[in-house]
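The following exercises concern the fold of a single protein chain. Each task is followed by a solution that proceeds step by step.

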Amino acid sequence: MMALGQYYVSVTGLLSKNWHSIPKFLYLSSRAYNAAIKTEGNVYSSMFSKDGIHHTITVWESKEAMRYYFSGEEHITAMKSLTVVSSYVKVHGYFTDVVPSVEEAIREW
């Protein structure tokens, strides 16, 4: 059996539905981002836009730490609004032995 990497990385990319949805998206994603950086087990977090896609990258000590954050109020609230604020969402998670650069995480995404 192959050993898993030391860190769990979650990469999300979202295309906003329209310019009217951006304020709500920014409000909810900022709350979720702030909750992520305060969650035990979070190693790194980044929130940015590239080529019109809004991204978040979070790196966790374990998949369990990430799941604990995912079950939190801020993340659940943001996820429930996806159909209102976005026309496209892709989430990708993977294990790695090193904290990836933004470029590496986006390539993996």
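**Exercise 1. Determine how many helices and strands the chain has, and in what pattern they follow one another.**

Solution. The model is a predicted one. Counting the elements gives five helices and four strands. Reading along the sequence then yields the pattern β-α-β-β-α-α-α-β-α. The next step is to compare the radius of gyration, 14 Å, with the 13 Å that the globule rule gives for 109 residues; the two values are close, so the chain is as compact as a globular protein of that length. Along the principal axes, the C-alpha atoms fill a box of roughly 45 × 30 × 20 Å. Finally, of the contacts between residues at least 6 apart in sequence, 73% join residues at least 24 apart.

**Exercise 2. Establish the strand order of the sheet and identify its edge strands.**

Solution. Begin with the pairing of β1, which spans residues 7-16. On one hand, β1 pairs with β4 in the antiparallel sense over 10 bridges; within this pair, L14 stands opposite V89. On the other, seven bridges join β1 to β3, again with antiparallel strands, and here T12 has T56 as its bridge partner. Adding β2 completes an open, antiparallel sheet of four strands in the order β2-β3-β1-β4. The edges are therefore β2 (42-50) and β4 (86-96), because each of these pairs on one side only. From one strand to the next, the twist averages 10°.

**Exercise 3. Explain why β1 is described as largely enclosed by the rest of the structure, and state which helix lies across β1, β2 and β3.**

Solution. A residue is counted as buried when its relative accessible area is under 20%. Nine of the 10 residues of β1 are buried, and the strand is therefore largely enclosed by the rest of the structure. The helix that lies across β1, β2 and β3 is α1, residues 22-38. Its direction is at about 165° to that of β2.

**Exercise 4. Identify the residues of the largest nonpolar core and the elements that give two or more residues to it.**

Solution. The largest nonpolar core has 11 residues: Y7, V9, V11, F48, I53, I57, V59, Y94, A105, I106 and W109. The elements that give two or more residues to this core are β1, β3 and α5 (102-108). Take F48 as an example: with neighbours within four places in sequence left aside, F48 is in contact with I53, H54, H55, I57, V102 and I106. A second, separate core has 10 residues, among them L28, A36, M66 and Y69. Over the whole chain, buried residues make up 41% of the 109 residues.

**Exercise 5. Decide whether S81 is buried or exposed, and find which residues S81 touches beyond those up to four places away in sequence.**

Solution. First, locate the residue: S81 sits in the loop between α3 (73-80) and α4 (82-85). Next, consider its relative accessible area, which is 6%. Since the limit for a buried residue is under 20%, S81 is buried. Last, list its contacts: not counting residues up to four places away in sequence, S81 touches K24 and L28. One of these, L28, also belongs to the second core.

Conventions. Residues numbered from 1 in each chain as written. Predicted model: local features only at pLDDT ≥ 70, side-chain atom pairs only at ≥ 80, totals over all residues. Heavy atoms only, no water. Pairing = 2+ DSSP bridges. Axes fitted to C-alpha atoms, helices over the stretch in contact; angles between N-to-C directions. Contact = heavy atoms within 4.5 Å. Core = buried A, V, L, I, M, F, W, Y, C linked by side-chain atoms within 4.5 Å. Buried < 20%, exposed > 50% of the residue type's maximum accessible area, 1.4 Å probe, protein only. Rg over C-alpha atoms; globule rule 2.2 N^0.38 Å.
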